[in-house]
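User: I would like a close look at one part of this model, with its surroundings described afterwards. Please start from the residue named below.

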Number of protein chains: 2
Amino acid sequence: MSTSTPSRPAARRKTARVKPATTPQAPRPNLREQQKEATRAAILQAALLVFSEHGFNGASTRDIAAQAGVHHALIKYYYQSKDLLWRAAVSYLFERQAKELMFQPPAGPMTRAARREEARAALRRYVLYCARHPEHARLMVQESVRDSARLQWATKHFISNASHAAEAFVRALQKDGLLPPASAPALVYIIVGAAQSFYTLAPEVRRVWNMDPADETVMNAHIDALVAVFIR
Amino acid sequence: MSTSTPSRPAARRKTARVKPATTPQAPRPNLREQQKEATRAAILQAALLVFSEHGFNGASTRDIAAQAGVHHALIKYYYQSKDLLWRAAVSYLFERQAKELMFQPPAGPMTRAARREEARAALRRYVLYCARHPEHARLMVQESVRDSARLQWATKHFISNASHAAEAFVRALQKDGLLPPASAPALVYIIVGAAQSFYTLAPEVRRVWNMDPADETVMNAHIDALVAVFIR
DNA sequence: CTTTTGGTTGTACAACTGTATAATGAAATT
DNA sequence: AATTTCATTATACAGTTGTACAACCAAAAG
């Protein structure tokens, strides 16, 4: 950040200390382990927010710590370095995405109309993910505008897999004539870009159009437009 | 940057001093004015590159100066502050875009088929701009992922106008049945996102797909895919 | 209760940040 | 040739940065 906000730690402390042991019959003498995980998670969530809004270089570990309501030295304690914290954040994002977008290919033969409905549902699910977790695309876009060791790492561990899965999805739709027979990689970026931008650029949308992409009605209108354009 | 690269100024100096007066019959005793404008332009171009790849906070004025091959104090001399340099860069981008995408509405009545061809040509022109000047979208995306005084300024002076022009374009296509009757603002972000992402994320594309969006063949394949999807 | 463990805090440091100002010297003017 | 102008440079400063480490102290173990 390095802008205003004189720094204000001690925001979590109270709420996190609440409930020393919800389960009276705690299986083990955790309570400390519990607090530890809460701190660890708070740092990760803060990192997601600050990294996604400021980029790696623009984000400072002290800003992240302040956002988490935690002393900045704890970042080194839990994640060793800014770079490893970034990697932990990216890992979290892609593992969550894999979990939430888990593919369940409906076995058995399907009519073309059924497959089209299936494709529409899949597209809807993806847009919903983008809408609910805009920090994912924000963080990745900031890293993908230039080549770097971080982009190389993210590509090797996550982006490559996700991209080729998307390519397979596109090719399947092309086989059914649901997408034009054009370059599959190009279509991947066309669809992904079309789905993400509305939520990634939400602050701009709010200023320019006076509408909130996070709003249920607005979001449904966007999804409908997207599906109408892509899955004919 | 704050990463590696120990800093290496003095890269321009020589090439910029070349040609003290190309025109032997110089109209006035410029030569100094000439060098001044060269320095000013070098700083602006460097700012475009560094801001677009690192974001405002992630970019340092010293990095920009080094990229321009100029002493860092000259940034204050020519642009007064980092913030004003950023505004100058954004102004340059949008004025160039307005110039290159100047609308020439073909007078006289047109058949629907002709209007469709017109729409395809307009879309092609826009994608070409994105491909040739990826730093434009990169810089703006970095600012639009969060609300800030800079986004507010850019919205007021440029983004609002450009967005509403795009909306008018979309509504015209909808009237002809060339785009589905969905939310126009949503369609704007769908089309813009679909057109930009392939070039904005070019470093990622190169790593994942081993293809270069700047390559003529690859670019044409992307444009064809885009037109096939949107203008039916 | 006493001791040990380890999550937390305070503090330090060198490098980097944006900004400011005086010194410099070559081009322009006289 | 002497003088003025002003683009460029050198240098400085306070604030921020990532990282490091010793001191602290509540929870866990004895």
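Does A:A114 count as buried or exposed, and how many C-beta neighbours does it have inside 10 Å?

Analyst: A:A114 counts as exposed, because it has 12 C-beta neighbours inside 10 Å. The C-beta atoms are placed from the backbone; 20 or more others within 10 Å make a residue buried, 12 or fewer make it exposed, and anything in between is partly exposed.

The model is predicted, and local features need pLDDT of at least 70, side-chain atom pairs count only at pLDDT 80 or more, while totals for chains, interfaces and linings use all residues. Residues are numbered from 1 along each chain as its sequence is written, with chains lettered from A and ligands numbered from 1 in the order in which they are written.

A:A114 belongs to helix α6 of chain A, which covers residues 112–132. Between its C-alpha atom and that of A:S183 there are 25 Å, for a separation of 69 residues along the chain.

The chain around it has eleven helices and zero strands. Here helices (H or I, at least four residues) and strands (E, at least two) are DSSP runs, numbered from the N terminus. Chain A has 232 residues, of which 40% count as buried. Among its contacts with a separation of 6 or more, 65% join residues 24 or more positions apart; a contact means that two C-beta atoms, placed from the backbone, lie within 7 Å.

Unlike A:A114, which is exposed, some helices of chain A are buried along their length. In α7(A), eleven of the eleven residues are buried, so this helix is largely enclosed by the rest of the structure. A:P134, A:H136, A:R138 and A:E143 are among those buried residues. In α9(A), 17 of the 17 residues are buried, so α9(A) too is largely enclosed.

The length of α9(A) agrees with its residue count: its end C-alpha atoms are 23 Å apart, and 17 residues at 1.5 Å a residue should span 24 Å. The expected span is 1.5 Å times one less than the number of residues. A kink of about 25 degrees is centred on A:A194 in this helix, the bend being the angle between axes fitted to the seven residues ending at a position and the seven starting there.

Both helices also take part in the interface with chain B. There, 50 residues of chain A are in contact with 51 residues of chain B. On the chain A side, two or more residues come from each of α2, α7, α8, α9, α10 and α11. The most come from α9(A), with twelve residues. By class, this side has 25 nonpolar, 18 polar and seven charged residues. Ala, Val, Leu, Ile, Met, Phe, Trp, Tyr, Cys and Pro count as nonpolar, Asp, Glu, Lys and Arg as charged, and the others, Gly among them, as polar.

The largest nonpolar core has 127 residues, and A:L187, A:I190, A:L226, B:I190 and B:L226 have the most contacts inside it. Its largest share, twelve residues, comes from α9(A). Such a core is a set of buried Ala, Val, Leu, Ile, Met, Phe, Trp, Tyr and Cys residues joined through C-beta atoms within 7 Å. B:I190 touches A:A194, A:A225, A:L226 and A:V229, when residues up to four places away in sequence are not counted.

Another surface lies along DNA strand D. Of the 25 residues around this strand, A:L31, A:S60, A:K82, B:H71 and B:A73 come nearest; near means a C-beta atom, placed from the backbone, within 6 Å. Its largest share, four residues, comes from α2(B). This surface divides into eight nonpolar, nine polar and eight charged residues.

Two loops complete the picture. A:Q80 sits between α4 and α5 of chain A and has a positive phi, near 70 degrees, although not a glycine. A:Q80 is exposed because 11 other C-beta atoms lie within 10 Å. In chain B, the loop between α10 and α11 holds B:N210, whose phi is near 55 degrees. B:N210 is exposed, with 8 other C-beta atoms within 10 Å. B:P213 lies in the loop between α10 and α11 of chain B but counts as buried, with 25 C-beta neighbours inside 10 Å. Contacts of B:P213 beyond four places in sequence include B:A131, B:F198, B:V205 and B:H222. Its C-alpha atom is 7.4 Å from that of B:A131, 82 residues away along the chain.
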